[in-house]
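User: I would like a close look at a single part of this structure. Please keep the explanation plain and define the terms as you go.

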Amino acid sequence: QVQLVESGGGLVQAGGSLRLSCAASGIIFSIANMGWYRQAPGKQRELVASITSSGRTNYADSVKGRFTISRPNAKNTVYLQMNSLKSEDTAVYYCNVGVLIIATIQNYWGQGTQVTVSS
């Protein structure tokens, strides 16, 4: 059974930093991509950053230059370093893993971790 365990959320002042981590277990197929999404109250869940199995990254325009996604040694752990945090970054952050099973990608989600940025 695939499990994603997130950690690193919390309360931080504007301009501060946090690092989120997500450890995936129970995966027996190849990971196609890993990423972070967020959902603020009253808003839809949105992509924050993603990284493919080849290391290609993608960021939402709102976080470019401030957030960095990494997956050291292509292991089953993904990190999101968040710097220069703003109040608008406040949201529940969800880890996402896309697993390649034959010709399809099966998505798995973490339970979410709250990030609150105080102004």
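Why is the disulfide of Cys22 and Cys95 left-handed or right-handed, and what is the torsion about its S-S bond?

Analyst: This is a predicted model, in which local features need pLDDT of at least 70 and side-chain atom pairs count only at pLDDT 80 or more, while totals for chains, interfaces and linings use all residues. Residues are numbered from 1 along each chain as its sequence is written, and side-chain values use heavy atoms, with hydrogens and water left out.

The torsion about the S-S bond of Cys22 and Cys95 is about -80°, so the disulfide is left-handed. Cys22 lies in strand 3 (residues 18–25) and Cys95 in strand 9 (residues 91–101), so named because helices (H or I, at least four residues) and strands (E, at least two) are DSSP runs, numbered from the N terminus. The two cysteines are 73 residues apart, and their pair links distant parts of the chain. The sulfur atoms of Cys22 and Cys95 are 2.1 Å apart; a disulfide is a pair of cysteine sulfur atoms within 2.5 Å. A search of the whole structure finds 1 disulfide.

Buried means under 20% relative accessible area, exposed over 50%, and partly exposed in between (1.4 Å probe, protein chains only). Cys22 counts as buried because its relative accessibility is 0%. Cys95 has a relative accessible area of 0%, so Cys95 is buried too.
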